[in-house]
Amino acid sequence: MLFRILQGVGILALIGCGLLALQGTPLLGPEWSRARILYAGAGAVSALSLLALGRLGIMVARMERAQAALSARLDAQRDTRG
């Protein structure tokens with residue numbers, strides 16, 4: 001659950017960084033602003049790291065479940081042979 005929250009926050013942060021970057025252009029802002037675009041890029045790196053941490057946590061949890069299932073199968077096989 002925590003890892004899904006991390007991913008959700010990361011997605012919201014990416015959307016916010018995209019909006020901030022667009023505000024640094026004449027499209028949504030008064031003029032070009034390099035500082036605003038660079039600030040948005042730096043925030044996007046942090047947002048991407050949140051997404052990556054969330055994904056890694058989900059993968060580790062999945063691997064732990066698979067390991068527990070394999071361990072249970074091995075224990076069951078040992079019990080039937082022994």
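**Exercise 1. Find where Gln7 sits, decide whether Gln7 is buried or exposed, and list what Gln7 touches.**

Step 1: Gln7 is found in helix H1. Helices here are DSSP runs (H or I, at least four residues), numbered from the N terminus.

Step 2: Gln7 has a relative accessible area of 14%, so this residue is buried. The scale runs like this: buried means under 20% relative accessible area, exposed means over 50%, and partly exposed is in between (1.4 Å probe, protein chains only).

Step 3: Skip the neighbours within four places in sequence, and Gln7 is in contact with Leu51, Gly54, Arg55 and Ile58. Contact means heavy atoms within 4.5 Å.

A word on what you're looking at: this is a predicted model, where local features need pLDDT of at least 70, side-chain atom pairs count only at pLDDT 80 or more, and totals for chains, interfaces and linings use all residues. Residues are numbered from 1 along each chain as its sequence is written, and side-chain values use heavy atoms, with hydrogens and water left out.

**Exercise 2. Work out what Ala21 and Leu53 touch, and how far each lies from a partner distant in sequence.**

Step 1: Start with Ala21, which lies in helix H1. At a relative accessible area of 23%, Ala21 is partly exposed.

Step 2: Not counting neighbours within four places in sequence, Ala21 is in contact with Ile37 and Ala40. Its C-alpha atom is separated by 9.9 Å from that of Ala44, and these two residues are 23 residues apart along the chain.

Step 3: Now go to Leu53 in helix H2. Leu53 counts as partly exposed because its relative accessibility is 48%.

Step 4: Leaving out residues up to four places away in sequence, Leu53 touches Phe3 and Leu6. The C-alpha atoms of Leu53 and Arg4 are separated by 9.9 Å, with their positions 49 residues apart along the chain counted as the spacing.

**Exercise 3. Describe Thr25: which element holds it, is it buried or exposed, and what does it contact?**

Step 1: Look in the loop between helix H1 (2-23) and H2 for Thr25.

Step 2: Its relative accessibility is 13%, so Thr25 counts as buried.

Step 3: With neighbours within four places set aside, Thr25 is in contact with Glu31, Trp32 and Ile37.

**Exercise 4. Track down the salt bridge and say how its partners are spaced.**

Step 1: The structure holds one salt bridge, defined as a side-chain nitrogen of Lys or Arg within 4 Å of a carboxyl oxygen of Asp or Glu.

Step 2: The pair is Arg78 and Asp75, with the closest N and O atoms 3.2 Å apart.

Step 3: Why about one helical turn between Arg78 and Asp75? Because they are three residues apart in helix H2.

Step 4: Arg78 counts as exposed, since its relative accessibility is 55%, while Asp75, at 37%, counts as partly exposed.

**Exercise 5. Pick out the positive and the nonpolar surface patch.**

Step 1: Get the rules straight: patch residues have over 30% relative accessible area and no salt bridge, with like charges joined within 9 Å and nonpolar side chains (Val, Leu, Ile, Met, Phe, Trp, Tyr) within 5 Å.

Step 2: Arg4, Arg55, Arg62 and Arg65 form the positive patch. Helix H2 (residues 34-81) gives the largest share, three residues.

Step 3: Leu19, Leu22, Leu27 and Leu28 make a nonpolar patch of about 390 Å². Leu19 belongs to helix H1 and counts as partly exposed, because its relative accessibility is 43%.

Technical notes
Accessible areas come from the Shrake-Rupley method with a 1.4 Å probe; for residues, only the protein chains shown count as cover. Lys and Arg count as positive and Asp and Glu as negative; His and the chain ends are not counted. The place of a charge is taken as NZ of Lys, CZ of Arg, CG of Asp or CD of Glu. Helices (H or I, at least four residues) and strands (E, at least two) are DSSP runs, numbered from the N terminus.
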